[in-house]
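Me: I would like to go through the charged side-chain pairs in this structure and understand how each label is earned. Could you take me through the reasoning step by step?

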Amino acid sequence: EFGPESETDETLIILHGLFGSIRNWQSIARRLARDFRVITVDQRNHGDSPHVGDMNYQLMADDIEHLMSELEIDSAHIMGHSMGGKISMVLSLIYPEMVRSLTVVDIAPVSYNHGFEGLVDALQKMPVGSIRSRGEADKWLASRIPTPSLRHFLLQNLSKQGDFFDWRVNLSVIGDCIGKLSDFPAQSDGICYEGPSLFVGGADSVYIREEHKPAIKALFPDHELYYVEGAGHWPHVENPTGFFEHLDVFLAKHRA
């Protein structure tokens, strides 16, 4: 949790993506804490959150509703990236009164064929019990995941256990549920989130394409959509200036 210097009842909750954690959002949370009480959340089976036997967007939206109730937060601004963006969208559709505004980063309310099964398989096959360093882990993964930045991101989930490593993420359950995580739950006719929403995509990403715009408009009629130049699936990392250019204006407009 990060708080501003002055008192505020404006809370912003940040939800990370698949294989992410609150660690990925520390610098952004600190920047946003100038104006908000910012709470970053490890999703189930990620980071320091419990490992449990199932994952789907209804369950993960309920996790956030439960957290907000525990913290006595009646409503908050919600921002989510990728998988966290889908959790954010489902939360806003199921519990609209709890969402003051919605920011979705580089994802749409649609099903994708991500190909994440290959990533999960590579991580599951890594002999973490005999690996002694992150460099050794990176070298082992290089032939299976050739993109260095993606390997670096995934290897942030390694945790030192004595002389060896283990995974913070629950790879077996993530692997079992990857189909649910690539999907987006069907909504009843007429269901939508009528509050203000911002969709921010990477201009070089394929996750918010032209054919996704009707689904966004149907479920989030009061939405704005912008693309961040020079950015792919992580616009908040790849071009933070361009990302905040849109986010700051949107949040300022919808603060109480």
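Reply: In this predicted model, the count of salt bridges comes to 10, and one of them joins the side chains of D35 and R255.

Me: What makes the pair D35 and R255 a salt bridge?

Reply: The N to O distance between their side chains is 3.8 Å, and the rule asks for a side-chain nitrogen of Lys or Arg within 4 Å of a carboxyl oxygen of Asp or Glu, so the pair qualifies. The two residues are 220 apart in the chain, D35 being in the loop between helix 1 and strand 2 and R255 in the segment after helix 11.

Me: Why is D35 called partly exposed?

Reply: Its relative accessibility is 39%, and because partly exposed covers what lies between the buried limit of under 20% and the exposed limit of over 50%, D35 belongs there.

Me: How do you know that D54 and K180 form a salt bridge?

Reply: Their side chains meet at 2.7 Å, N to O, which is within 4 Å, and therefore the label applies. This pair links the loop between strand 2 and helix 2, where D54 lies, with K180 in helix 8, 126 residues apart.

Me: Why is R151, the salt-bridge partner of D138, called buried or exposed?

Reply: R151 has a relative accessible area of 8%, and since buried means under 20%, R151 is buried. D138, by contrast, has 25% and is partly exposed. The closest N and O atoms of D138 and R151 are 2.8 Å apart; D138 lies in helix 5 and R151 in helix 6, so the pair ties together parts that are 13 residues apart in sequence.

Terms used. Residues numbered from 1 in each chain as written. Predicted model: local features only at pLDDT ≥ 70, side-chain atom pairs only at ≥ 80, totals over all residues. Heavy atoms only, no water. Helix = DSSP H or I, 4+ residues; strand = E, 2+ residues; numbered from the N terminus. Buried < 20%, exposed > 50% of the residue type's maximum accessible area, 1.4 Å probe, protein only.
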